[in-house]
Amino acid sequence: MKTELHDLRKNYQKSELIESDVPNNPFLLFKDWFEMAKEHPKIEEANAMSIATLGSDGFPKNRIVLLKEILDNGFVFYTNYESEKSKAIGNYQKGCLHFFWPALEKQIIIKVTISKISKEHSENYFKKRPRESQLGAWASEQSSQIASREQLESKLKTVRERFENTSKIPMPEFWGGFICKPYSFEFWQGRPNRLHDRLLFEQVNSIWEMKRLQP
């Protein structure tokens with residue numbers, strides 16, 4: 001059945017993105033936008049980001065993960081190291097992050113190199129997670145096939161019983177964080193008549209260079 005979406009249109013007019021108004025360091029601009037998104041009443045998870053990787057089958061794949069730390073040199077998220085995305089990262093060490101905040105008419109595309117953070121860094125974060133989330137990390141063999149939801153619930157029950165008398169649940173060896181170090185940032189601000197603002201930052205000899213792209 002054919003579905004036409006020709007009339008789904010929006011006129012963007014909430015803000016602008018002008019070179020003279022932005023800092024030379026894209027991390028600072030990111031933090032400014034992120035704070036706006038975090039404080040906006042219509043944005044529930046400002047730290048939800050799409051990460052694209054290239055799989056062993058040659059296809060790119062996007063999925064949503066939660067940004068958990070913003071460091072001076074990159075962005076950190078946590079996952080199962082044996083998952084599909086972790087294997088893709090292990091093969092290519094490259095990816096693309098994407099943030100889209102419709103309520104602000106803003107999006108950011110960040111090309112990154114990706115590597116594991118230290119085990120100590122991961123353990124410090126794991127200790128802060130809710131107990132049920134810690135148990136879930138042990139229960140799920142992320143991306144592996146499973147017969148039913150009931151089997152997954154049974155695995156969680158087994159893990160809960162295993163650590164029933166343990167006050168501090170240890171971090172699994174197969175779980176931890178990745179740091180995504182930016183190669184480039186592209187900031188997009190919706191503007192009227194589809195003449196959107198796009199500013200691209202690329203690092204050249206340790207200096208961030210900015211250029212405007214046509215919409």
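In which sense do strand 4 and strand 7 pair, and over how many bridges? They pair in the antiparallel sense, over 6 bridges. The model is predicted, and strand 7 is a good place to start reading it.

## Overall layout

The chain has 5 helices and 9 strands. Along the sequence they follow the pattern α-β-β-β-β-α-β-β-α-α-α-β-β-β. The C-alpha trace spans about 60 × 50 × 40 Å along its principal axes. Of the 215 residues, 40% count as buried. Take the contacts between residues at least 6 apart in sequence: 64% of them join residues at least 24 apart.

## Strand 7 and its partners

Strand 7 covers residues 175-189. Of its 15 residues, 13 are buried, so the strand is largely enclosed by the rest of the structure. Its pairings with three strands are listed here.

| Strand pair | Sense | Bridges | A facing pair |
|---|---|---|---|
| Strand 4 and strand 7 | antiparallel | 6 bridges | Phe 75 and Cys 180 |
| Strand 6 and strand 7 | antiparallel | 11 bridges | Lys 106 and Gln 189 |
| Strand 7 and strand 8 | antiparallel | 6 bridges | Phe 185 and Phe 201 |

## Nonpolar cores

The largest nonpolar core has 34 residues. Phe 30, Leu 97, Trp 101, Ile 110, Phe 185 and Phe 187 have the most contacts inside it. At least two residues of this core come from each of helix 1 (26-39), strand 1 (48-54), strand 4 (75-80), strand 5 (94-101), strand 6 (106-116), strand 7 (175-189) and strand 8 (197-204). Helix 1 gives the largest share, 6 residues.

Which residues does Trp 101 contact, beyond its neighbours within four places in sequence? They are Trp 33, Phe 34, Ala 37, Ile 43, Ala 46, Lys 106 and Ile 108.

A second core is separate and holds 16 residues. Phe 126, Leu 135, Leu 156 and Phe 163 are among them.

## Helix 3

Phe 126 also belongs to helix 3, residues 119-126. In this helix Ser 122, Tyr 125 and Phe 126 are buried. The three cover an arc of only 100° around the axis, so they lie on the same side of helix 3. Their cover includes strand 4, helix 4 (131-139) and strand 7.

## Two buried polar residues

Lys 106 sits in strand 6. Is this lysine buried or exposed? Lys 106 is buried, with a relative accessible area of 3%. Its side chain makes a polar contact with the side chain of Gln 189, at 2.5 Å. Gln 189 is also the bridge partner of Lys 106 in strand 7. Leaving aside neighbours within four places in sequence, Lys 106 is in contact with Ser 15, Trp 33, Met 36, Phe 99, Phe 100, Trp 101, Trp 188 and Gln 189. Trp 33 is thus listed for Lys 106 and also for Trp 101. Gln 203 is another matter. Lys 106 and Gln 203 are 97 residues apart in sequence and 22 Å apart in space, C-alpha to C-alpha.

Asn 80 sits in strand 4. Asn 80 is buried too, with a relative accessible area of 4%. Its side chain reaches the backbone nitrogen of Glu 82 at 2.7 Å. Not counting residues up to four places away in sequence, Asn 80 touches Ser 86, Ser 140, Glu 141, Gln 142, Phe 174 and Trp 175. Trp 175 lies within the span of strand 7 (175-189).

## Cysteines

How many disulfides does a search of the whole structure find? The count is 0. Cys 96 is in no disulfide, and its nearest cysteine sulfur, that of Cys 180, is 10 Å away. Cys 180 is likewise in no disulfide, with the sulfur of Cys 96 as its nearest, 10 Å away. A disulfide here requires sulfur atoms within 2.5 Å, so a pair 10 Å apart does not qualify.

The surroundings of the two cysteines can be set side by side. Cys 96 is partly exposed, with a relative accessible area of 24%. Cys 180 counts as buried, at 0% relative accessibility. Cys 180 stands in strand 7, opposite Phe 75.

Methods
Residues are numbered from 1 along each chain as its sequence is written. This is a predicted model: local features need pLDDT of at least 70, side-chain atom pairs count only at pLDDT 80 or more; totals for chains, interfaces and linings use all residues. Side-chain values use heavy atoms; hydrogens and water are left out. A nonpolar core is a set of buried Ala, Val, Leu, Ile, Met, Phe, Trp, Tyr and Cys residues joined through side-chain atoms within 4.5 Å. Buried means under 20% relative accessible area, exposed over 50%, partly exposed in between (1.4 Å probe, protein chains only). Helices (H or I, at least four residues) and strands (E, at least two) are DSSP runs, numbered from the N terminus. Contact means heavy atoms within 4.5 Å. The arc is that of the directions from the helix axis to the C-beta atoms. A polar contact is a pair of N or O atoms within 3.5 Å; within protein, one must be able to donate a hydrogen and the other to accept it, and residues adjacent in sequence count only if both atoms are side-chain atoms. Two strands pair if DSSP finds at least two bridges between them.
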